[in-house]
Amino acid sequence: MSALTVDDRARYRAKPSVLDALKNPRMLTREVLAGLVVGLALIPEAIAFSVIAGVDPKVGLFSSFIMAVSIAFLGGRPAMVTAATGAVALVIAPVAPTYGMDYFIATVILAGVFQVILGVLGVAKLMRFIPRSVMVGFVNALAIFVFSSQFPQLIDVPWLVYPLVALGILVMIVMPRITKIVPAPLVSVIIVTGVVLTMGLTVPTVGDQGELPRSLPSLFLPDIPFTWDTFTIIAPFALGVALVGLMESLLTAKLVDEITDTHSNKTRESWAQGVANMLSGFFGGMGGCAVIGQTMIGVKASGARTRISTFCAGIFLFLLVVVFGDFVGTIPMAALVAVMIMVAIGAFDWHSVTPSTLKRMPKSETFVMVATVVLVLLTHNLAIGVVGGVLVASVLFVRRVAHFVSVSRTVAGDTVTYTVTGELFFASSNDLTTLFSYPEDPALVVIDLTGSHIWDASTVAALDAIETKYAALGKSVEIVGMNASSQRMRGRLSGGFP
């Protein structure tokens, strides 16, 4: 792991810092209340993701508590929340029912080890290859995903749920116009819960989602044979969890960077996610990654900016489910559904789908964004959608760049000059050999590469093929104008192809 330079430390220094928040009562209040709102919002989703993973609800709740607290100290992106997630639950779901809980926990721990290794190897640097259109597609798909995940709480429920959800949304719209000192989502939850309790309404509550734990998590060491066979069973699932978790976490960190106009240390975030997953596993948790919905509640809806909010989210989650479990169980799901709906609406990039934007934006960019959204919605997996979007963007980019190469022919006496302009790589150089008039050309052929660049072995092979064709006709070829990098590439590879 490379050491950070002074410039790196300055770039990644949190703004505002934890110390800034501790010195400012108003900012500290905002951070603590944001943590409370996020802690509340984590409860039903942690329970739901536990069900998806095929484990007891307390497994997801413990995991969210441990990961939120640990990432607050270890992570590279302040204010980002890490907890049990649906993406990880889907990947690891077959393990517990098939192999048992011990193998399940071992998978979580191994996933953390993989993430630490990937973080140290610099996997975070690959984020630079994710184009903006894929990022917009990721955000829009996530917003749709968050919104659609609320449907189970809105179907086949008492009709009173709908006006309660509407009330919660109304409060969150009006509240910021009155004051921003107290997060609007928290006020909304309090008001909706107060209405339900005061009027004695019978509607679904948090307590209906599953039994809340009553004690601290304890150390859990999986009882499994440490053999190669065990590794081959859990490694594929662990690698899947590691890759999905890192991708979702790094994309969420990038999104928070843009919202807060700050930089975060993605390499630190990568290995920190691994350590958090390992800690979660050793205390019987299901593992997870950054949670975009709750992060948006904290950062965008509640104004959180420091690690204090993330730490408080974990602490409040623990206190709410263990100490105040009876009260939390009475919170109507309608209140939390209203919060998540507003998060989805706020997260969606509405500018990207306006007629003016669609008209101005290149069709390829729009296609990549739509492809990313569709892949996420079809697979219910953000990582697959992002990887698919990057592949689509790469293919379209290569196809577009390949057409930028041009070849012009100039004859002067017994010499013909071919001037090649554009980037030469596999997509553009494959047809290069067809652009020369071999029989008609005079004895000396000059290929001018001043306006081009050789990027790969395919181009060197194409140039060798051109020379071979002319040599068979008794003509000589002179290649001029190559820059230093192209000369080194050709000098190293030329003549090495059959």
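These legends describe close-up views of a predicted model.

**Figure 1. The whole protein, seen as an inventory of helices and strands**.
The model is predicted. Its secondary structure comes to 22 helices and six strands. The C-alpha atoms fill a box of roughly 100 × 60 × 50 Å, taken along the principal axes. The protein has 498 residues, and 52% of them count as buried. Look next at contacts between residues at least 6 apart in sequence. Of these, 83% join residues at least 24 apart.

**Figure 2. The surface and the charges of the protein**.
The accessible surface comes to about 22700 Å². Carbon and sulfur atoms account for 66% of this surface. How many charged side chains of each sign does the protein have? There are 32 positive and 30 negative side chains. The centres of the two sets lie 9 Å apart.

**Figure 3. An open sheet of four strands**.
The strands follow the order 3-4-5-6, and their pairing is mixed. Which strands stand at the edges? Strand 3 and strand 6 (476-480) do, each with a single partner strand, so one side of each has no neighbour in the sheet. From one strand to the next, the twist averages 20°. Strands of a sheet pair through backbone hydrogen bonds, either parallel or antiparallel.

**Figure 4. The hairpin of strand 3 and strand 4**.
Strand 3 covers residues 406-412, and strand 4 covers residues 415-424. The two strands run antiparallel and are joined by seven bridges. One bridge pairs Ser406 with Thr421 in strand 4. Two residues lie between the strands of this hairpin. Gly413 sits in the turn, with a positive phi of about 65°.

**Figure 5. Strand 4 beside strand 5**.
Strand 5 spans residues 444-454. Is its pairing with strand 4 parallel or antiparallel? Strand 4 and strand 5 pair in the parallel sense, over nine bridges. To find one bridge, start at Glu423: its partner in strand 5 is His453. In a regular strand the side chains alternate between the two faces of the sheet.

**Figure 6. Val416, a buried residue of strand 4**.
Val416 is found in strand 4. Its relative accessible area is 0%. Buried means under 20%, so Val416 counts as buried. Val416 and Leu444 are 28 residues apart in sequence, yet 6.5 Å apart in space, C-alpha to C-alpha. Now set aside the neighbours of Val416 within four places in sequence. Its contacts are then Arg409, Thr410, Val411, Asp441, Pro442, Leu444, Val445 and Val446.

**Figure 7. Leu250 in helix 11**.
Helix 11 runs over residues 228-260, and Leu250 is part of it. Is Leu250 buried or exposed? With a relative accessible area of 4%, Leu250 is buried. Leu250 and Lys266 are 16 residues apart in sequence. In space, their C-alpha atoms are 6.6 Å apart. Leu250 touches Lys266, and also Ala124, Met127 and Ser270, leaving out residues up to four places away in sequence.

**Figure 8. Gln153 and Asp156 in one loop**.
Helix 8 (132-148) and helix 9 (161-178) are linked by a loop that holds Gln153. Asp156 also lies between helix 8 and helix 9. Gln153 has 19% relative accessibility; the cut-off for buried is under 20%, so Gln153 counts as buried. Asp156 is exposed, with a relative accessible area of 79%. Which residues does Gln153 touch, not counting those up to four places away in sequence? They are Val161, Gln209, Met333 and Val337. Pro204 is 51 residues from Gln153 in sequence and 8.2 Å away in space, C-alpha to C-alpha. Asp156 has a positive phi of about 55°, although it is not a glycine.

**Figure 9. Ala79, a buried loop residue with a positive phi**.
Where is Ala79? It lies in the loop between helix 4 (57-74) and strand 1 (82-83). Its phi is near 75°, a positive value in a residue other than glycine. Ala79 is buried, with a relative accessible area of 4%.

Conventions. Residues numbered from 1 in each chain as written. Predicted model: local features only at pLDDT ≥ 70, side-chain atom pairs only at ≥ 80, totals over all residues. Heavy atoms only, no water. Buried < 20%, exposed > 50% of the residue type's maximum accessible area, 1.4 Å probe, protein only. Contact = heavy atoms within 4.5 Å. Areas by Shrake-Rupley, 256 points an atom, 1.4 Å probe, with all protein chains shown as cover. Lys, Arg positive; Asp, Glu negative; His and termini not counted. Charge placed at Lys NZ, Arg CZ, Asp CG, Glu CD. Pairing = 2+ DSSP bridges. Axes fitted to C-alpha atoms, helices over the stretch in contact; angles between N-to-C directions.
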